[in-house]
Amino acid sequence: FDASLYIYICMTGDVLVPPSNVAHFTIQASSEISSGAKTSALHHVPYDVKFTEIGIRTGKTGGITASFKKVGPDPFGDPTTNATTIGTVNAATTAFGATASVSSIKDSGYVYMNIDGIGSGITLVQGFLQYIRFDGED
């Protein structure tokens with residue numbers, strides 16, 4: 001609960017739209033990117049969040065399926081154990097606006113991008129996971 005935001009709304013009568021945050025994931029390789037968990041690019045989410053949009057972009061034409069996951073209980077040991085899938089996006093080169101299959105997560109944590117399937121020769125992938133702070137009510 002952000003008391004300063006609450007005070008601002010009460011005093012001015014203005015309605016504020018919560019700002020969104022974007023987790024950026026960039027995976028690059030000299031020859032081609034392999035499928036699997038890309039846990040070297042973790043993004044920390046410091047509070048409860050609601051996911052609003054996911055997207056993917058590649059540097060070359062070819063198919064890609066990527067998912068975004070919240071790490072399991074041991075982010076610095078094996079982050080893939082008991083990881084929760086947030087959403088999956090499938091694209092030829094670019095796809096934005098895909099809906100996440102998990103609408104929100106509670107508690108702070110880390111998220112990462114997983115390459116589920118990828119065409120040969122793709123050397124650059126960018127993933128985007130947009131979210132807003134969430135208090136548990138719509």
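Two strands pair if DSSP finds at least two bridges between them. Keep that in mind for the exercises below, which work through a predicted model.

## Exercise 1: Pairing around E3

Work out which strands E3 pairs with, how many bridges join them, and in which sense they run.

**Solution.**
- Step 1. Start with E9: 9 bridges join E3 to E9, and the two run antiparallel.
- Step 2. Pin this down with one pair of residues: Arg57 stands opposite Gln126 in E9.
- Step 3. Turn to strand E7, residues 104-105, which is joined to E3 by 2 bridges and is also antiparallel to E3.
- Step 4. Here a pair to look for is Lys50, which stands opposite Ser104 in E7.
- Step 5. Check against the rule: pairing takes at least two bridges, and E3 has 2 with E7 and 9 with E9.

## Exercise 2: The open sheet

Find the strand order of the open sheet of 4 strands, and explain why E2 and E5 stand at the edges.

**Solution.**
- Step 1. Trace the strands across the sheet: the order is E2-E8-E4-E5, with antiparallel pairing.
- Step 2. Look at the ends: E2 and E5 each have a single partner strand, so one side of each is left without a neighbour in the sheet.
- Step 3. Add the geometry: on average, neighbouring strands of this sheet are turned by 20° against each other, direction ignored.
- Step 4. Zoom in on E4 and E5, an antiparallel pair with 7 bridges. Within this pair, Ala66 has Val89 in E5 as its bridge partner.

## Exercise 3: The chain as a whole

Describe the protein chain by its elements, its burial and its contacts.

**Solution.**
- Step 1. Count the elements: the protein chain has 1 helix and 9 strands.
- Step 2. Read them in sequence order, which gives α-β-β-β-β-β-β-β-β-β.
- Step 3. Consider burial: of the 138 residues, 34% are buried.
- Step 4. Consider the surface: the accessible area of the protein chain is about 7,700 Å², and carbon and sulfur atoms hold 50% of that.
- Step 5. Consider reach along the sequence: among contacts with a separation of 6 or more, 80% are between residues 24 or more positions apart.

## Exercise 4: The largest nonpolar core

Identify the residues with the most contacts inside the largest nonpolar core, and the elements that give two or more residues to this core.

**Solution.**
- Step 1. Recall the background: in soluble globular proteins, nonpolar side chains tend to be buried together.
- Step 2. Locate the centre of contacts: this core has 25 residues, and those with the most contacts inside it are Phe25, Ile56, Phe68, Met113, Val125 and Leu129.
- Step 3. Assign the contributing elements: two or more residues come from each of strands E1 (20-28), E2 (36-45), E3 (49-58), E4 (64-70), E5 (84-91), E8 (109-118) and E9 (124-133).
- Step 4. Pick out the main contributor: E3 gives the most, with 4 residues.

## Exercise 5: Polar side chains that meet Asp116

Decide whether Ser67 and Asn114 are buried or exposed, and find the polar contacts that their side chains make with Asp116.

**Solution.**
- Step 1. Place the residues: Ser67 lies in strand E4 and Asn114 in strand E8.
- Step 2. Apply the cut-off: buried means under 20% relative accessible area. Ser67, at 2%, is therefore buried, and Asn114, at 10%, is buried too.
- Step 3. Follow the side chains: Ser67 makes a polar contact of 3.2 Å with Asp116, and Asn114 makes one of 2.6 Å with Asp116.
- Step 4. Widen the view, leaving aside residues within four places in sequence. Ser67 is in contact with residues including Thr85, Gly87, Tyr112 and Asn114, while Asn114 touches, among others, Gly36, Ala37, Ala66 and Ser67.

## Exercise 6: Two residues with more access

Classify Asn82 and His44 by accessibility, and describe where each is placed.

**Solution.**
- Step 1. Asn82 sits in the loop between E4 and E5. Its relative accessible area is 61%, so Asn82 is exposed.
- Step 2. Check the backbone: phi of Asn82 is near 60°, a positive value in a residue other than glycine.
- Step 3. His44 belongs to strand E2. With 36% relative accessibility, His44 counts as partly exposed.
- Step 4. List the neighbours of His44 beyond four places in sequence: Ser108, Gly109, Tyr110 and Tyr131.
- Step 5. Finish with a distance: the C-alpha atoms of His44 and Tyr112 are 9.1 Å apart, with these positions 68 residues apart along the chain.

Key
Residues are numbered from 1 along each chain as its sequence is written. This is a predicted model: local features need pLDDT of at least 70, side-chain atom pairs count only at pLDDT 80 or more; totals for chains, interfaces and linings use all residues. Side-chain values use heavy atoms; hydrogens and water are left out. A nonpolar core is a set of buried Ala, Val, Leu, Ile, Met, Phe, Trp, Tyr and Cys residues joined through side-chain atoms within 4.5 Å. Buried means under 20% relative accessible area, exposed over 50%, partly exposed in between (1.4 Å probe, protein chains only). Axes are lines fitted to C-alpha atoms, for helices over the stretch in contact, and angles run from 0 to 180 degrees between N-to-C directions. Contact means heavy atoms within 4.5 Å. Accessible areas come from the Shrake-Rupley method with a 1.4 Å probe; for residues, only the protein chains shown count as cover. A polar contact is a pair of N or O atoms within 3.5 Å; within protein, one must be able to donate a hydrogen and the other to accept it, and residues adjacent in sequence count only if both atoms are side-chain atoms.
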